[in-house]
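I set out to look through one structure and to record what I found in short entries. The sequence and the model come first.

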Amino acid sequence: MSKFAALLFVLVACAAPAASAAENGDDWLESYNRAVFDFNMQLDKYTLKPLAKGYRAITTPDIRSRVTSFVYNMREPLSAVNHTLQGNVKEAAVSVGRLLINTTLGLGGLFDVAAGWGLERNTTGFDDTMAYYCIPDGPFFVAPFLGPITPRALVAYTADSFASPMYWGPLNDKNYADKISYSYAALVAINARERSLDLLDDLQKNSVDFYSTARSAYIQNRQKVNGHSLCGSDADPASYDFDFDMDEEFEYE
Amino acid sequence: MKKIFYACAVFAFAAFFGAHSAAAAVDAAKAENFVKKITDEGLTDIINSNVSQQEKDDRFAKLFNEALDLKYIGQFVLGRYWRTATPAEREEFISVYRQLNVKTWSKRFDEFKGRSFVFNGTSPSSTANQIFVNSQVPMDEGAPAAVVWRVRQNGDDFKIVDIIIENVSLAITARSEYTAFIKNSPDGVAGLIKNLKQKLAQN
């Protein structure tokens with residue numbers, strides 16, 4: 001994931017997901033959202049952020065890059081299934097190929113050998129699939145511990161978690177199943193937070209209303225997810241093609 | 001009845017061709033070349049140049065001010081509060097907004113070291129005299145980042161009026177942030193300016 005994508009990922013998630021409050025620009029849960037957002041920020045300040053800083057302190061960029069590759073490799077089965085559900089057989093085959101190559105020649109996914117062979121990563125999940133089949137996003141809200149999200153995204157991320165090989169893979173081993181799943185979840189969270197450390201700090205420092213910044217960026221990013229659907233058309237104007245002369249509050253569509 | 005029909009036909013004709021002539025007014029090739037020139041200049045004369053940080057910052061400020069129409073963007077960013085702001089507040093806001101953007105982006109600009117922009121054409125905008133220039137920035141791993149430049153043409157002059165990174169418009173994000181602040185601030189636009197000045201001093 002690029003740094004730009006990390007901006008979205010974190011800005012909006014600090015931990016994860018998203019969705020389009022997109023039905024309109026009203027933030028009907030604003031008081032609740034702001035309170036939970038502040039709670040999440042405090043939680044992040046005293047838990048995830050220090051862990052991410054510690055992780056950065058004891059690892060080199062190369063090690064962190066290997067960890068990121070490993071995490072993405074674990075998502076390939078999920079991508080393959082969801083590309084298939086979206087009718088994109090070619091990309092599904094790419095995901096399968098990447099999984100096979102990177103798990104073997106890439107030493108368990110630590111190295112992205114497949115990308116060097118032209119099989120570029122194209123991650124997808126149940127959220128993209130639901131968007132593809134025009135399932136509405138629902139209203140934007142901030143979930144405790146998770147961050148900005150929508151009902152559809154919440155369902156999708158839950159499904160993603162249960163479909164992950166790191167959840168169902170060790171299920172038969174009763175002694176280690178939970179330990180492996182929780183350790184992997186912690187690794188994913190800390191790795192993602194480390195990647196967004198500088199960017200988030202910078203955004204927070206320069207923002208006069210960080211909640212509004214995060215909400216706006218999150219919803220705009222959701223519009224991209226929702227744009228790839230059976231109900232959309234290439235002829236539709238881009239979601240960022242707003243009227244510069246508009247005077248009233250911006251309405252998310 | 002015939003007159004009404006005739007009037008409608010003329011109106012439809014004018015609206016149709018008017019819209020097309022507005023879109024056609026933007027020279028797509030020139031707009032793309034303008035953005036290419038700006039990014040090339042930024043990469044060559046600033047990021048990859050062997051000069052002091054102070055010199056880099058100065059060059060960045062000059063390029064930023066030349067390439068972006070901060071007054072136009074600033075007006076949009078304030079939304080309806082632009083109308084209620086006094087002329088002095090408007091001027092002060094644009095000045096602080098400009099300085100804060102220059103400082104913020106100047107710091108982050110170095111992250112483009114070793115990278116390049118790959119341009120892939122333009123897309124029309126629904127606003128007259130504006131166009132989107134599409135580009136991508138290849139990343140170390142994974143898919144390239146999509147960066148879209150919204151360009152406004154005024155005669156032979158081109159200016160960037162928005163930058164959209166991975167579908168997130170910087171103008172919309174700033175507008176959401178600033179108008180929310182003003183709405184909750186007892187001092188309105190003056191409160192925003194004061195807060196932005198504090199941010200500027202911290203940078």
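My entries below go from a whole chain to single residues, then to charged pairs and cavities.

**Entry 1. The model and chain B**

I note at the start that this is a predicted model. I began with chain B, whose secondary structure comes to 8 helices and 5 strands. I then read the order of these elements from the N terminus, which is α-α-α-α-α-α-β-β-β-β-β-α-α. The strands thus follow one another in the series, with helices written before and after them.

I looked up burial next. Chain B has 203 residues, and 49% of them count as buried. For its accessible surface I found about 10,400 Å², with 57% belonging to carbon and sulfur atoms. I also asked how contacts in chain B are spread along the sequence. Taking contacts between residues at least 6 apart, I found that 53% join residues at least 24 apart.

**Entry 2. A:Ser79**

I turned to a single residue of chain A. Is A:Ser79 buried or exposed? Its relative accessible area is 1%, and because buried means under 20%, A:Ser79 counts as buried. I located A:Ser79 in helix 4 of chain A, which covers residues 61-85.

Which residues does A:Ser79 touch, leaving aside neighbours within four places in sequence? I recorded A:Ser95, A:Asn122, A:Thr123 and A:Thr124 as its contacts. I also checked A:Gly125, which is 46 residues from A:Ser79 along the chain. The C-alpha atoms of A:Ser79 and A:Gly125 are separated by 5.7 Å.

**Entry 3. Salt bridges**

I recalled that side chains of opposite charge can pair when their charged atoms come close. How many salt bridges does a search of the whole structure find? The count over all chains is 23. I followed several of them in chain A.

The first pair I looked up was A:Glu30 and A:Arg34, whose side chains meet in a salt bridge at 2.9 Å, N to O. Both residues lie in helix 2 of chain A (residues 30-46), 4 residues apart, about one turn of the helix. A:Glu30 has 24% relative accessibility and counts as partly exposed.

The next pair was A:Asp160 and A:Arg75, with a salt bridge of 4.0 Å, N to O. This pair links distant parts of the chain, since A:Asp160 lies in helix 8 (residues 151-163) and A:Arg75 in helix 4 of chain A, 85 residues apart. I compared the exposure of the two partners. A:Asp160 is buried at 6% relative accessibility, whereas A:Arg75 is partly exposed at 25%.

I then took A:Asp137 and A:Arg152, whose side chains form a salt bridge of 3.7 Å, N to O. Why does this pair tie together separate parts of chain A? A:Asp137 lies in the loop between helix 7 (126-132) and strand 1 (141-143) and A:Arg152 lies in helix 8, so the salt bridge joins parts that are 15 residues apart in sequence. A:Asp137 and A:Arg152 are both buried. I also noted one network, in which salt bridges that share partners join A:Arg56, A:Arg64, A:Glu194 and A:Asp198.

**Entry 4. The largest cavity**

I searched for enclosed space and found 3 cavities of 30 Å³ or more. The largest cavity holds about 50 Å³. Which residues line the largest cavity? I listed B:Ile46, B:Ile47, B:Gln53, B:Lys56, B:Asp57, B:Phe60, B:Ser106, B:Phe109 and B:Asp110.

Helix 2 (28-47) and helix 3 (53-67) of chain B each supply at least two residues of this lining. Helix 3 of chain B gives the most, with 4 residues. By class, I recorded 4 nonpolar, 2 polar and 3 charged residues in the lining of the largest cavity.

**Entry 5. The second largest cavity**

I found a volume of about 40 Å³ for the second largest cavity. Its lining consists of A:Ser69, A:Tyr72, A:Asn73, A:Arg98, A:Asn102, A:Gly109, A:Phe111, A:Asp112 and A:Arg121. The elements that give two or more residues to this lining are helix 4 and helix 5 (89-104) of chain A. Helix 4 of chain A supplies the largest share, 3 residues. By class, the lining of the second largest cavity has 2 nonpolar, 4 polar and 3 charged residues.

Technical notes. Residues are numbered from 1 along each chain as its sequence is written. Chains are lettered from A and ligands numbered from 1 in the order in which they are written. This is a predicted model: local features need pLDDT of at least 70, side-chain atom pairs count only at pLDDT 80 or more; totals for chains, interfaces and linings use all residues. Side-chain values use heavy atoms; hydrogens and water are left out. Buried means under 20% relative accessible area, exposed over 50%, partly exposed in between (1.4 Å probe, protein chains only). Contact means heavy atoms within 4.5 Å. Accessible areas come from the Shrake-Rupley method with a 1.4 Å probe; for residues, only the protein chains shown count as cover. On a 1 Å grid over the protein atoms alone, a cavity is a set of points where a 1.4 Å probe fits but cannot get out, and a pocket is an open set with protein on both sides within 12 Å along at least five of seven lines; lining residues have an atom within 4 Å of a point. Grid points are joined across faces, edges and corners, and a volume is the space filled by probe spheres set on the points. Ala, Val, Leu, Ile, Met, Phe, Trp, Tyr, Cys and Pro count as nonpolar, Asp, Glu, Lys and Arg as charged, and the others, Gly among them, as polar.
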